[in-house]
2 protein chains.
Amino acid sequence: MNIKQEDIKHRLAEKGLKVTPQRIFVLDAIQSLGNHPTADLIISHVQKNHPNIASGTVYRVLDVLVENQLIKRVKTERDVMRYDGIMEPHHHLYCAESETIRDYRDEELDGILAEYFERKRIRGFNIEEIKLQIKGKFQKP
Amino acid sequence: MNIKQEDIKHRLAEKGLKVTPQRIFVLDAIQSLGNHPTADLIISHVQKNHPNIASGTVYRVLDVLVENQLIKRVKTERDVMRYDGIMEPHHHLYCAESETIRDYRDEELDGILAEYFERKRIRGFNIEEIKLQIKGKFQKP
DNA sequence: GTGGTTGCAAACCCTTTGCACGGCA
DNA sequence: TGCCGTGCAAAGGGTTTGCAACCAC
């Protein structure tokens, strides 16, 4: 019926994970909330419609999802843990003042980086992922 | 007498900070420890020679030093806070397996990035610092 | 002198965990 | 039936904080 939920179920099953309501609701919350929500936000959002889901469970679900690469953990310098539902490689703009994270994507940049690291290998280190953290300030409107 | 300590005192004074023994010892510890020490490590190192310095004080000193840009905070996905005494721009190799951070510096890379962001400005965002987090694995020897 | 710093210890808060129960294979 | 997943509540552990004493300037 609900296309979004069917998709989530599919993604869980694909990883060989048991499809439980709790996992569905957490993944759904991360997608709905967007913008790198904290565990706290996710918990409130989930509990709004399902008050009987324990916060400990949400934390455990988040761990499972990260381990299975369905979401990512994001941490900034002065912040609690946040979660990111977007698995395609992308970079982050981070504004310390407002504690905000915004995504930044640009294929040209990724190309430039790939070319650079193709050329300059780092001895003794196998690169798996390259992320830019661009610190700065969002201009006030 | 001690050149290193004189230098530290100078750097504190330069920022208009009061030069207290606690601040000197903490800065000294970060430099001696290198390798992005945790607060815990810094506390032990400081307390080894000065057992009467409270851990709460170390945390407060670390905050002051970060605010005044004498050190940086570093956080990884699954880790406690770490501190970095190197203020020149540099990037980080991060190995999740061993929870290790190693510095990576290359002027050519910085040049490439500067050129790219010179060309592509990000609307509504003023860039202050660009950091690469290169995730991967250190090869076993 | 005096306002910023420190020591101490308690509080905080996010996160993890032990345990018994529940549900799906 | 067996086992993973969950709810609950308590513990954990890194970090922060209130307050009185202290000290750098």
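Two strands count as paired if DSSP finds at least two bridges between them. Strands (E, at least two residues) and helices (H or I, at least four) are DSSP runs, numbered from the N terminus. Keep both in mind for the first stop.

Before you start clicking, note that this is a predicted model: local features need pLDDT of at least 70, side-chain atom pairs count only at pLDDT 80 or more, and totals for chains, interfaces and linings use all residues. Residues are numbered from 1 along each chain as its sequence is written, chains are lettered from A and ligands numbered from 1 in the order in which they are written, and side-chain values use heavy atoms, with hydrogens and water left out.

**Stop 1: the strands**

Select residues 125-138 in chains A and B. You now have β5(A) and β5(B), which pair in the antiparallel sense over 13 bridges. Which residue of β5(B) is the bridge partner of Ile127(A)? Look for Gly136(B). Then step to Phe125(A), whose bridge partner in β5(B) is Phe138(B).

Now add residues 91-95 of chain A, which make up β3. β3(A) and β5(A) run parallel, joined by four bridges. Click Cys95(A) to find its bridge partner in β5(A), Gly136(A). While the side chains are on display, recall that in a regular strand they alternate between the two faces of the sheet.

**Stop 2: where chain A meets chain B**

Zoom out and color the two protein chains separately. Counting heavy atoms within 4.5 Å as contact, 41 residues of chain A touch 41 residues of chain B. Between them the chains bury about 3800 Å², with 50% of it on carbon and sulfur atoms; buried area here is the accessible area (1.4 Å probe) that two parts lose on being put together, summed over both. Select Lys75(A), Glu77(A) and Phe125(A): they supply 16% of the area that chain A buries against chain B, more than any other three residues.

Next, turn on polar contacts, meaning pairs of N or O atoms within 3.5 Å; within protein, one must be able to donate a hydrogen and the other to accept it, and residues adjacent in sequence count only if both atoms are side-chain atoms. Between chain A and chain B there are 24 residue pairs in polar contact, both residues at pLDDT 80 or more. Which elements of chain A each supply at least two residues of the side that touches chain B? They are β3, β4 (100-104), α5 (107-119) and β5. β5(A) gives the most, with 14 residues. By class, this side of chain A has 18 nonpolar, six polar and 17 charged residues. In this grouping Ala, Val, Leu, Ile, Met, Phe, Trp, Tyr, Cys and Pro are nonpolar, Asp, Glu, Lys and Arg are charged, and the others, Gly among them, are polar.

**Stop 3: Glu108(A)**

Center on Glu108(A) to look at salt bridges, each defined as a side-chain nitrogen of Lys or Arg within 4 Å of a carboxyl oxygen of Asp or Glu. Eight of them are counted between chain A and chain B. Glu108(A) forms one with Arg119(B), the closest N and O atoms being 2.9 Å apart. Glu108(A) also forms a salt bridge with Lys120(B), at 3.4 Å between the closest N and O atoms. Glu108(A) lies in helix α5 of chain A and Lys120(B) in the loop between α5 and β5 of chain B, so this pair joins two chains.

**Stop 4: DNA strand C**

Show the residues near strand C, those with a heavy atom within 4 Å of it. There are 17 residues around this strand, and Tyr59(A), Thr20(B), Gln22(B), Thr57(B) and Arg78(B) come nearest. Sugar and phosphate account for 72% of the strand C atoms that come within 4 Å of the protein. Select Tyr59(A): an N or O atom in its side chain is 2.6 Å from a phosphate oxygen of strand C. For a contact to a base, go to Lys18(B), where a side-chain N or O atom is 3.3 Å from a base nitrogen of strand C.

**Stop 5: DNA strand D**

Finish at strand D, with 19 residues around it; Thr20(A), Gln22(A), Thr57(A), Arg78(A) and Tyr59(B) come nearest. Here sugar and phosphate make up 75% of the strand D atoms within 4 Å of the protein. A polar side-chain atom of Tyr59(B) lies 2.5 Å from a phosphate oxygen of strand D, and one of Thr57(A) lies 2.7 Å from a phosphate oxygen. Gln22(A) places a polar side-chain atom 2.9 Å from a sugar or linking oxygen of strand D.
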